[in-house]
Structure formats: structure tokens, C-alpha cells
Amino acid sequence: MDSIWINAPAKINIGLDVIRRRGDGYHEVKMIMQSIRLFDRLTLTKTKEPGIKLTTNLSYLPVNEDNLVYQSAKRLMDEFHLGGGLDIKLDKRIPVAAGMAGGSTDAASCMLAINDLYGLGLSKRHLMKRGVKLGADIPYCILKGTALSEGIGEKLSTIPAILIAKPNIHVSTKWVYTNLVLDEHTNHPDIDGMLASMKKRDLLSLSNQIGNVLESVTIPAYPQIAAIKECILQNGALGSLMSGSGPTVFGIFDDEDKAKKAFEDMKASGLARQIYLTRPFNQKIKSTRKNQRKR
Ligand code: ATP
């Protein structure tokens, strides 16, 4: 492989707070970062002549050491004694000097691309450690997605991870509803309590209350569902539950590493046929414009 391209996404801040001014001139921040589908594109090509040659479609951008792309490439090439040279084409779409982390995301993507192109085998964490030396936003741009960013922007925590595991069985929804016994012994989940926790944004309390009345039918018939829940909870999930009439089980994690470990354990256990590590999809966007017109 001599050439690689990568899309570098812009970010917006869903929330941005400055906690205090530090003695060293930096500001301590608390921000929610969100990657968006607006990209710069980098194309990296190995060359015989040594050195980094950067070109860009914007004539006013620096193409020397002042460009973060150049700095990030040089850093990795020097550290890993990468022979030959590198031709980098930067196609900019993200507005420049616009609070969208354009330079940081280019640098982050450049590091990710070099990692691939030269087979360095560095994990994201290792790339983030190197990236923070060039800019506080670079670790986030390597991580991407939705994240809480603290410190001077370098302390990152991701919004909860969700593990999905489906065993290799088929459950008939009709059968489940037909066999559901609703009487005074039925253990009803506290849906209103869950709603109250959601309103308070209290994930822990929400996770403690989650419940699905249909588990009382499906789980006794398919014990592998209980085994999957057990595996998820043993890996430190805040909560785990069967979804719908089953057989899929999900786990809510507030820690990405725990979720990854659960994913691996689930794979190794052979309990589930389909396993995914994902995140909540929060797209509660109401059409306020329509309402405004009505007024
Ligand atoms: P942030 O949101 O992280 O504060 P920003 O979007 O405000 O960043 P950038 O677009 O990164 O700002 O650009 C800030 C300055 O950095 C520019 O004026 C430019 O000269 C310089 N710069 C260095 N490398 C790049 C790059 N790859 N893309 C854009 N600007 C760069």
C-alpha cells in the first residue's frame, strides 16, 4: 500500500463552559463535543524522495511546519524512523479558524492515516498521547463521536456505550404475548420512575430501574438470554435487559474499556451470534420552525 485517503470530520460544541482560568494561561473547560459529517480529505502517498510535501486547495494556508498536518506527520515519521518521503494532499472543506477544530482534525486524521499506511499498529490511546503534544483538541479528534471533554480539552470521556448481543435463536413475538401472564404476581417495571430518571439525566438510576415484563416469558424458555445478561453484568454494565420480546439483550456501560472487554468476552463465550458495540442515537430534533410560524 503506497497511498491512503481519509476523511477528517469537523466538530461542533453542543455545550461549552469555561470553569476557570489557570495560572499558566490555559482555561479549564467542560464541553460536549460532537463530530459532524463535514469533512476535510487527506490523501497520503509514500514517495522515494525524503521529506514531507504538503499541498492544499486553500492558497492562504501554510504548507510548512506551521500546518498541524505537517507537524503531526513529522512527529510520527521522526519517532518511527520512517524512510522515504510523504506527499500529503489536503482538501479543505471545513471553515478555517471557525471553532470547528479544522486543523486539529486534519492532524488527528493524518496520524491515523500514517498509522495505517506504515502499519505502525498504534492504538487510538497511543495516538492520542502523541496528539495532545500538538494540540489539546487532537485526542478528541482521534476519538471522534460524542464526548465530554474536560481539563484543557484533553480529558475525554465518551457518552455511554451500548453492547448488543443476539443469540442464535428465533423468538416469536406472538408466542411471547400469548404466554404472558398478567396477574397480581406480575413484576411490572417502573416506567414512570425510568422517565423521571431520564428527565434528571440520571443514567445510574435509570440503569437500576430498567425492566421488561416480557422477560418473564422469554427467559425461562431460552436460558441463554439469562447467561448473556450475566456476562454483560459481570463486565461492569450499569444495567442489562432483553429488548422487546427478545432474544436480543443490551447492556449499558459508562466506561468504554469495560464495554470493549464485555464485547470480547461475549465473542469468546459463543453465547451470541451477533454482537455490536454502539452508542445511543439521540436525534430528538423537533421542528421548531413549524411551531414558530404558527405563533
Ligand atoms: P479550534 O476549533 O480547535 O479552535 P479552529 O477551527 O478555530 O480550531 P483552525 O481551522 O484549526 O481553527 O485554524 C486555526 C489556524 O490554524 C488557521 O489560521 C491556520 O493558519 C492554522 N492551521 C494550521 N494547520 C491548519 C489546518 N490543517 N487547517 C486549518 N488551519 C490550520
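Helices here are DSSP runs of H or I with at least four residues, numbered from the N terminus.

**View 1. Secondary structure elements around the ligand in the predicted model.** Helix 2 supplies the largest share of the shell around the ligand, namely four residues. By class, this shell is made up of 10 nonpolar, five polar and five charged residues. Of the 20 residues around the ligand, those that come nearest are N67, A97, G99, A101 and G103.

**View 2. Polar backbone atoms of A101, G99 and L68 beside the ligand.** A polar backbone atom of A101 lies 2.8 Å from an oxygen atom of the ligand. For G99, the distance from a polar backbone atom to an oxygen atom of the ligand is 3.0 Å. At L68, a polar backbone atom is 3.1 Å from a nitrogen atom of the ligand. On its own the ligand has 610 Å² of accessible area, and the protein covers 71% of this area. Two or more residues of the shell come from each of helix 1 (68-79) and helix 2 (102-117).

**View 3. The surroundings of the cysteine C110.** No disulfides are found in a search of the whole structure. A disulfide requires two cysteine sulfur atoms within 2.5 Å. The closest cysteine sulfur to that of C110 belongs to C141 and is 13 Å away, so the pair is too far apart for a bond. C110 counts as buried because its relative accessibility is 0%.

**View 4. The cysteine C231.** The relative accessibility of C231 is 12%. Buried residues are those under 20% relative accessible area, and C231 therefore counts as buried.

Notes:
Residues numbered from 1 in each chain as written. Predicted model: local features only at pLDDT ≥ 70, side-chain atom pairs only at ≥ 80, totals over all residues. Heavy atoms only, no water. Buried < 20%, exposed > 50% of the residue type's maximum accessible area, 1.4 Å probe, protein only. Near = heavy atom within 4 Å. Polar contact = N/O pair within 3.5 Å; in protein donor to acceptor, adjacent residues only side chain to side chain. Areas by Shrake-Rupley, 256 points an atom, 1.4 Å probe, with all protein chains shown as cover. Nonpolar A, V, L, I, M, F, W, Y, C, P; charged D, E, K, R; others polar.
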